[in-house]
Amino acid sequence: MGSQRKVTKLASWQLGDLWSSHQSSRFSRSTDREYSMSQSAEAASAWQSHLVVDLSDRLVYLYRDDRLQASYPVAVGQLGWETPTGSFQVLQMNQNPAWRQPITGEVIPSGANDNPLGDRWIGFWSNGRHQIGFHGTNEEHLIGQAVSHGCLRMRNQDIRMLYQQVAKGTLVLVRR
């Protein structure tokens with residue numbers, strides 16, 4: 001019998017603290033615009049679910065109402081391109097994304113054989129030039145390894161299922 005790590009469930013007050021600190025830092029900037037009613041409803045829906053990424057186990061856990069719903073294996077950032085840790089939120093969701101190679105800047109169109117993003121993108125981090133998120137892959141045999149430029153690669157059928165269960169604003173907690 002192989003060793004199994006127990007999934008650590010965050011207490012609701014811990015998530016509340018993470019959400020509060022994230023929201024207060026997000027809205028403290030004067031350049032942020034106010035949310036419309038539809039965006040507020042989407043954010044409220046997103047708060048009902050959250051993602052916990054365990055980099056050491058190379059798994060993402062989907063929780064809804066503090067109950068584990070699913071877990072999916074992921075590939076993580078390679079040495080020198082490590083996946084960032086911390087508290088984030090889903091910023092973008094795209095179907096059939098194009099990919100910009102982070103070193104050369106070359107754009108690989110959606111559907112091209114050498115596009116590593118698969119057909120779904122769930123972005124949760126950006127520095128204005130580079131972005132990191134969950135995505136499918138054209139090389140599913142690499143799932144579980146440290147091979148990406150910081151993103152979390154998933155099997156294509158897994159990212160499609162995850163894509164249907166999160167929204168912009170969903171909390172993403174990435175830990176070692």
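Here is a short set of numbered notes to help you find your way around this predicted model.

1. Let's start with the overall make-up. The protein has 176 residues, and 41% of them count as buried. Its secondary structure comprises three helices and 13 strands. If you take contacts between residues at least 6 apart in sequence, 61% of them join residues at least 24 apart.

2. A good place to begin looking is the open sheet of five strands. Its order is S3-S2-S1-S13-S5, and the pairing is mixed. At the edges you will find strand S3 (67-73) and strand S5 (86-89), each of which pairs on one side only. On average, neighbouring strands here are turned by 20° against each other, with direction ignored.

3. Within that sheet, have a look at S2 and S3. Strand S2 covers residues 59-64, runs antiparallel to S3 and is joined to S3 by six bridges. To find your bearings in this pair, pick out valine 60, which stands opposite tyrosine 72 in S3. As general background, strands of a sheet pair through backbone hydrogen bonds, either parallel or antiparallel.

4. The other sheet to visit is an open one of four strands, in the order S6-S9-S10-S12, again with mixed pairing. S6 and strand S12 (152-153) stand at its edges; each has a single partner strand, so one side of each is left without a neighbour in the sheet. Helix H3 packs on this sheet and touches S6, S9 and S10, its direction making about 70° with that of S9.

5. Helix H3 deserves a point of its own. The helix spans residues 156-163 and lies across strand S1 (49-54), S2 and S3, running at about 150° to S3. So that you can place H3 from both sides, recall that H3 also touches S6, S9 and S10.

6. Strand S9 is a handy landmark. S9 runs over residues 120-126 and is mostly covered, with five of its seven residues buried. On one hand, S9 pairs with strand S6 (residues 92-95) in the antiparallel sense over four bridges. In that pairing, glutamine 95 stands opposite arginine 120, and glutamine 92 has glycine 123 as its bridge partner. On the other hand, S9 pairs with strand S10 (residues 131-135), also in the antiparallel sense, over five bridges. Glycine 123 appears here too, with glycine 133 in S10 as its bridge partner.

7. What links S9 and S10? The two strands form a hairpin, with four residues between them. In the turn, glycine 128 has a positive phi of about 95°.

8. Two other residues have a positive phi and are worth a friendly pause. Most residues other than glycine have a negative phi. Arginine 58, although not a glycine, has a positive phi of about 55°; you will find arginine 58 in the loop between S1 and S2. Asparagine 96 likewise is not a glycine and has a positive phi of about 55°, and its place is the loop between S6 and S7. Are these residues buried or exposed? Arginine 58 is partly exposed, at a relative accessible area of 28%, and asparagine 96 is also partly exposed, at 45%.

9. Next comes proline 84, in the loop between strand S4 (76-77) and S5. Why does proline 84 count as buried? Its relative accessible area is 19%, and the cut-off for buried is under 20%. Beyond its neighbours within four places in sequence, proline 84 is in contact with Trp125, Ile132, Gly150 and Val174. Isoleucine 132 is 48 residues away along the chain, yet the C-alpha atoms of the two are separated by 8.6 Å.

10. Finally, do look at the largest pocket, which has a volume of about 580 Å³. Its lining consists of 24 residues, and those that lie nearest its centre are Trp99, Arg100, Trp121, His130 and Gln131. S6, strand S7 (99-100), S9 and S10 are the elements that give two or more residues to the lining. S10 gives the most, with three residues. By class, the lining has 11 nonpolar, nine polar and four charged residues.

How values were computed:
Residues numbered from 1 in each chain as written. Predicted model: local features only at pLDDT ≥ 70, side-chain atom pairs only at ≥ 80, totals over all residues. Heavy atoms only, no water. Pairing = 2+ DSSP bridges. Axes fitted to C-alpha atoms, helices over the stretch in contact; angles between N-to-C directions. Contact = heavy atoms within 4.5 Å. Buried < 20%, exposed > 50% of the residue type's maximum accessible area, 1.4 Å probe, protein only. 1 Å grid on protein atoms, 1.4 Å probe; cavity = no way out; pocket = protein on both sides within 12 Å on 5 of 7 lines; lining within 4 Å. Points joined across faces, edges and corners; volume = space filled by probe spheres on them. Nonpolar A, V, L, I, M, F, W, Y, C, P; charged D, E, K, R; others polar.
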